[in-house]
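Biologist: Mind if I quiz you about this one? I'd like to know where the labels come from.

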Amino acid sequence: MTRALPLRFRRVADDTAIVADEAGRFFRSNMSFVSRLADGHLTPTDKAFLDSRGFLLGKEDQLNETSFLYALAQRLQPPKPLSYVILIPTLRCDLSCAYCQVSRAAQTAKGYDWSEETLQAVLQYLDEHGGESIQIEFQGGEPSLRLDLLERVVQFARARFSKPQFVVCTNLSSIDSAFADFMASEDVYISTSLDGPSWLHEVQRTQNSDRTSRFFSNLSKACDLAPGRVHALPTLDVNRLPEPNELLDAFDAFGLRSIYLRPVSYHGFARKHHPTSVGYDPRWSNFYSSVIHAMISRNTSNCGAAWEEFYLTHLIKRLLRPGENSHADIRSPNWLGYDHLVIDYDGVLYPTDEARMLARTGQVDLNLGNVQNGLDLGRRAQMQAAAFNALDPWCSRCPYQSACGRDPIDDLARHGHVNPPRPRTAFCQRHTHLFDLAASLIYSDCPDTQLSLSKWLELPVPTKLGEQHL
Amino acid sequence: MIPLMIKASFEDKSAPPFVARVGLESANNTAALSAELPDVHIYQYREQSFSVASDMGRSMNGDVIFANPATGTLHRWLRSGSSHNTLLVTERCDQLCQMCSQPPRKTHLDMFDHLKQACLLAEPCAQIGFSGGEPLLFKHQLFELLETVGEARPDLTFHILTNAQHFDTADVERLRLTVYSRVKWGIPLYSDQAAMHDQIVAKPGAFAQLMSSFALLAHSGQSIELRTVLLRENYSSLPELARMVSNRLPFISTWAIMQMERIGFARNRWADLFVDHSAQTAPLDEAVSIATSRSLDVALFNMPYCTVSPALRPYLHASISDWKNAFSSECKDCTAKSFCAGFFAWHATLADYERAGPIR
Ligand code: SF4
Ligand code: SF4
């Protein structure tokens, strides 16, 4: 007797459902199919479709059982060695941005930089725990205030790792000649904040027109010094959103077309001042979707580099391709404290940057030990137990589960524990919207949308990607 | 064309055939150059001595040859420095594919001892191909050969072209032996529709058997190169095949999509079987896009560079081979010539393609 694999579904429109298995293979169908599935009244046509896409079990050849298990195994990748570290050589900064109250110290403050001993311990730690290759992200504070420390890390990593890459997260408030030389190297990437049009950037960050114009001229200077190696992220407040095209124009002025849109995430006290930020503001969904549509209409066959939202592209890849597990914000199992790690100004280890913030606000200390004494494996194991979504009562019924992820640190920050009912979390609401949007694009008949998808996924030609059974 | 068979005169025509490596210095298992005359080269292998034309002698230095004194021939089984060495296991086959490039015969000559010897003499780190006919009609001998050679020569890798009709559950454990991690199985699949596939290979039930074999091979962790030849019959449904492969065969290592070779059966049936992908690029473009969207590794073979859409050119298997020689006059000034697959004597010619022409 043949039968369908256990399938979950989500109704995305009146008579449309996304149906998926636990390995993340999915198709679109209608509600009468869903009822036939539930009632066990599948027609021969239903079964033929399910078989051709690997969802029918109990045939003699066992091929569908095998492909299911294979796809599932690809989703559940084992942990990898350390390959991405965020280093905080200093917590000092020369700006004080509206939402950065906790992660900085004054420019002249003492005791907020790595000591020589800490530097040595960091390098030794990377040497012992790093894999073959590594990406090193320098954060702060403003890391360029301690270019000397950056240079020593870079020098060490170039000798120890094959093709290391370095990302400097900088406010670009000044580029002296040493910093200019530093960013000219091919393995150095610049990441900065650009909140959109200059008025908005000024309100949220630079606060006066002098500093604003200095930032914008430094940004174009950086684009010249490090062509193709400059990325900018907007930090967006739902209460003060720019027009989508106004935002895109601000990026286009610097040739920046891959944008990572994130709503500002408040921590600790700041969150108390902004109660709406605990939950999810549906205005964000509307804004986000309209930016995506603005990007799609800018992506023509001869537009040059494609406009894309970095995170959405990643989610679409995760929906279609098992094994896209590189992004620590969205994966399950989420191997916290394995391949990604944060090393603070005092040598303390954290699984993510958000965990570092939470410790600084005194909310909850999620440190994983320090570089001097090594990882605290007991704490890591405890955290790991909460970093898996497949057994969650809500997620296990959600067709997006295997592409989605689990972030127990965000759960702790917002809810105080790791088992909030999923649909009430900002994480779930935001991702449900993102996956619904991704699915609507994958199934869109609009040629412009298909063109954008083909650019985001680097496909030879636009085509209908999604499976469907109607 | 590089001759694979060379005429030779043997001193002792009644001696049995042997396998040896051709070399300049005498050594174990080596047929060593003993004299270089203006017209002929003379070699000594143990008690036997033989001569070949001197230009042939020069070109076969380092090769592993199969020498047959009775017929006066040398077969260059493993050519030195070539990555395209394939040993023929048998000429028998249980399928009869419409476009078979090497039509099967009923007779079988058991050559396993010689084949084994050839593998043992192969150059360091060589890849050795096995084909047929259907090599797995002699599965146990072939497994035995792979295991013996694999143990003695951990540097070798193997590619076996098979219709995968002869695996069974009892093989799963055996295929988990380490030597099989150095084997890649080249397996043809022509359609997602059982009836169409069975018809193309002229064997009822072939598709069903193939699906079982894929499951077995996946369970034993085998590396599979899936091979699809484009035909008039299967071309328009190629995107459906791409969907099927993405969903049901996600464990394959590579999907090789290939244009037909104009040899064997295909020669006489060319007009009926050949499909010009340049005249209608959509099925190929779409199939590659679907497979790529699901992160399958796709490679296109035997397709002249100018006949595929520019977007598909990165998927073309660069063809850098000493076998290219069928230049068309149009290709003379083409910038793609050095890596284009358009020059094999046994392929389609540019005249077979509606859209073709030099790239400048
Ligand atoms: S968090 Fe929400 S969107 Fe993600 S898998 Fe769970 S239920 Fe689905
Ligand atoms: S013109 Fe000749 S060399 Fe150039 S792409 Fe076409 S077949 Fe290849």
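Biologist: What makes residues in the shell around ligand 1 nonpolar, polar or charged, and how many of each are there?

Modeller: First, this is a predicted model, where local features need pLDDT of at least 70, side-chain atom pairs count only at pLDDT 80 or more, and totals for chains, interfaces and linings use all residues. Residues are numbered from 1 along each chain as its sequence is written, chains are lettered from A and ligands numbered from 1 in the order in which they are written, and side-chain values use heavy atoms, with hydrogens and water left out. Now the shell: it holds 4 nonpolar, 2 polar and no charged residues. Ala, Val, Leu, Ile, Met, Phe, Trp, Tyr, Cys and Pro count as nonpolar, Asp, Glu, Lys and Arg as charged, and the others, Gly among them, as polar. Cys395(A), Cys398(A), Cys404(A) and Cys428(A) are around ligand 1, so they go down as nonpolar. Gln401(A) and Thr432(A) are there too, and they count as polar.

Biologist: What puts a residue around ligand 1?

Modeller: One of its heavy atoms has to lie within 4 Å of the ligand.

Biologist: Why do β2 and β21 of chain A stand at the edges?

Modeller: The open sheet runs β2-β3-β4-β21 (chain A). β2 (8-13) and β21 (468-469) each have a single partner strand, so one side of each is left without a neighbour in the sheet. Strands here are DSSP runs of E, at least two residues, numbered from the N terminus.

Biologist: How do you know that β2(A) and β3(A) pair?

Modeller: Pairing takes at least two bridges found by DSSP, and these two have 5, in the antiparallel sense. In one of them, Arg11(A) partners Ala17(A) of β3(A).

Methods
Helices (H or I, at least four residues) and strands (E, at least two) are DSSP runs, numbered from the N terminus.
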